[in-house]
Amino acid sequence: MPAGDGNQEQVSEGRYARQEMIFGAAGQEALAAATVVIAGAGGLGSPAATYLAAAGVGRLVLVDFDTVALSNLNRQFLHGDADIGTPKVASAARRLRALNREIEVVPVGAKITEENVAAIVQGADAVVDALDSFAPRMVLNEAAVKGRIPLMHGAISGFYGQATTVLPGKSACLRCIFPSEPPKETFPALGPTAGVIGSIQAGEVIKYLTGGPLLTGRLLLWNGAEASCDVLPAPRDPACPVCGHLPVTTEETSR
Amino acid sequence: MKIHIRAFARFREDFGERTDLTVPDACTLPDALRELTALKGHPETLFDDDGAVKDFVLVMVGGERLAPEDRHARLLAEGDEIVIYPPVSGG
Ligand SMILES: [Zn+2]
């Protein structure tokens, strides 16, 4: 035995040993039993899906209709040069399975629409909004509220990012916070910004599943240009056309 | 009266982080934002062609979000803090 190791406790060498130090075997079982839908396999989906796969979320459903383009590769690390022109969900699923063979990855090559969204989120324990424009986000938000499924929102542009967690009926939904959609744009995109926000989303999913305070009722703003972070209050809107009809509760805890 | 305006994300590139303004009593929210753009420029960042504050801009006064339809007539009070933030939408 090398000198200095004599007093160390025996450390488990299992895949999840270091995170079970946080939430225990029961938390790990909750992750393994969970189904999480990740809408978008791009800049936000890459870090969010990677961390959820590595953490052992039992079933990841990846939804994206797009194919890999060269201009994606500066940030979308689930894809590489060899994947250009092929479906994003295919390369993403391959990478995630290679990362963790203990989980199930379900690729869904579809664009989220009002027609298919209910079927896509059906049975999910949480939904990650890793989309890249507001119109489909609002479709996803409405389906999450209808299904009472938590939604972890993230969005980026250049050095700037935002994130919030929606617990339907308990905290503000995306329509409460953003009643009017920003114009669609070809947004500047940088890997580290997507990394920060996508990681926050993955952390929110893990805390929701294992227990912990969430980013509900607040909008987190990341400013990578200044390396600063602000949190704005984001209360429910009683007149919200999406969630305003749900009874008001003050409870904003995880399940 | 004195009010101040805090800008976030890319709005900081146009307006800086915080601006303290002295405005007349009976100043509305759009009046204050027009003062800001008179001082710092970039009116097109905040206002539509018809002079209204762009709907998608997130506006808060005293920690409370103001819906687009409630902005034009909102009267400010001494010491009010206005927050302006352009939601991002990429992924
Ligand atoms: Zn709502």
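**Strands, a zinc site and two pockets**

In this predicted model, strand S6 of chain A, covering residues 160-166, pairs in the antiparallel sense with strand S7 of chain A, covering residues 218-223, and the pairing runs over 4 bridges. One residue pair shows how the two strands are matched, since A:Gln162 has A:Leu221 in S7(A) as its bridge partner. S7(A) also pairs with S8(A), again in the antiparallel sense, and here there are 6 bridges, with A:Cys229 in S8(A) serving as the bridge partner of A:Trp222. S7(A) and S8(A) together form a hairpin that leaves 4 residues between them, and in its turn A:Ala227 has a positive phi of about 50 degrees.

From the strands the reader can turn to the metal site. The zinc ion is coordinated at 2.3 Å by the SG atoms of A:Cys173, A:Cys176, A:Cys240 and A:Cys243. The angles among the 4 donor atoms range from 94 to 122 degrees, and the site is tetrahedral; this description applies because four donors count as tetrahedral if all angles lie between 85 and 135 degrees. Along the sequence, the donor residues follow the spacing C-x2-C-x63-C-x2-C. Distant parts of the chain are thereby linked, for A:Cys176 belongs to helix H6 (residues 174-177) of chain A, while A:Cys240, 64 residues apart from it, lies in the segment after strand S8 (228-233) of chain A. Are these two cysteines buried or exposed? A:Cys176 has 0% relative accessibility and so counts as buried, and A:Cys240, with a relative accessible area of 5%, is buried as well, because the term covers residues under 20% relative accessible area.

The model also contains pockets, and the largest of them holds about 490 Å³ of space. Its lining is made up of 27 residues, and those that lie nearest the centre are A:Asp64, A:Phe65, A:Asp66, A:Leu131 and A:Asp132. Sorted by class, the lining of this largest pocket comprises 11 nonpolar, 8 polar and 8 charged residues.

The second largest pocket has a volume of about 240 Å³ and is lined by 14 residues, with A:Val117, A:Val139, A:Glu142, A:Ala143 and A:Lys146 lying nearest its centre. Two helices of chain A, H4 (117-121) and H5 (134-146), each supply at least two residues of this lining, and H5(A) gives the most, with 6 residues. By class, the lining of the second largest pocket divides into 8 nonpolar, 2 polar and 4 charged residues.

Methods:
Residues are numbered from 1 along each chain as its sequence is written. Chains are lettered from A and ligands numbered from 1 in the order in which they are written. This is a predicted model: local features need pLDDT of at least 70, side-chain atom pairs count only at pLDDT 80 or more; totals for chains, interfaces and linings use all residues. Side-chain values use heavy atoms; hydrogens and water are left out. On a 1 Å grid over the protein atoms alone, a cavity is a set of points where a 1.4 Å probe fits but cannot get out, and a pocket is an open set with protein on both sides within 12 Å along at least five of seven lines; lining residues have an atom within 4 Å of a point. Grid points are joined across faces, edges and corners, and a volume is the space filled by probe spheres set on the points. Ala, Val, Leu, Ile, Met, Phe, Trp, Tyr, Cys and Pro count as nonpolar, Asp, Glu, Lys and Arg as charged, and the others, Gly among them, as polar. Donors are N, O and S atoms within 2.8 Å of the metal (3.2 Å for Na, K and Ca); water is not among the atoms, so sites may look incomplete. Four donors count as tetrahedral if all angles lie between 85 and 135 degrees; four count as square planar and six as octahedral if opposite donors are over 155 degrees apart and all others between 65 and 115; anything else is irregular. Buried means under 20% relative accessible area, exposed over 50%, partly exposed in between (1.4 Å probe, protein chains only). Two strands pair if DSSP finds at least two bridges between them.
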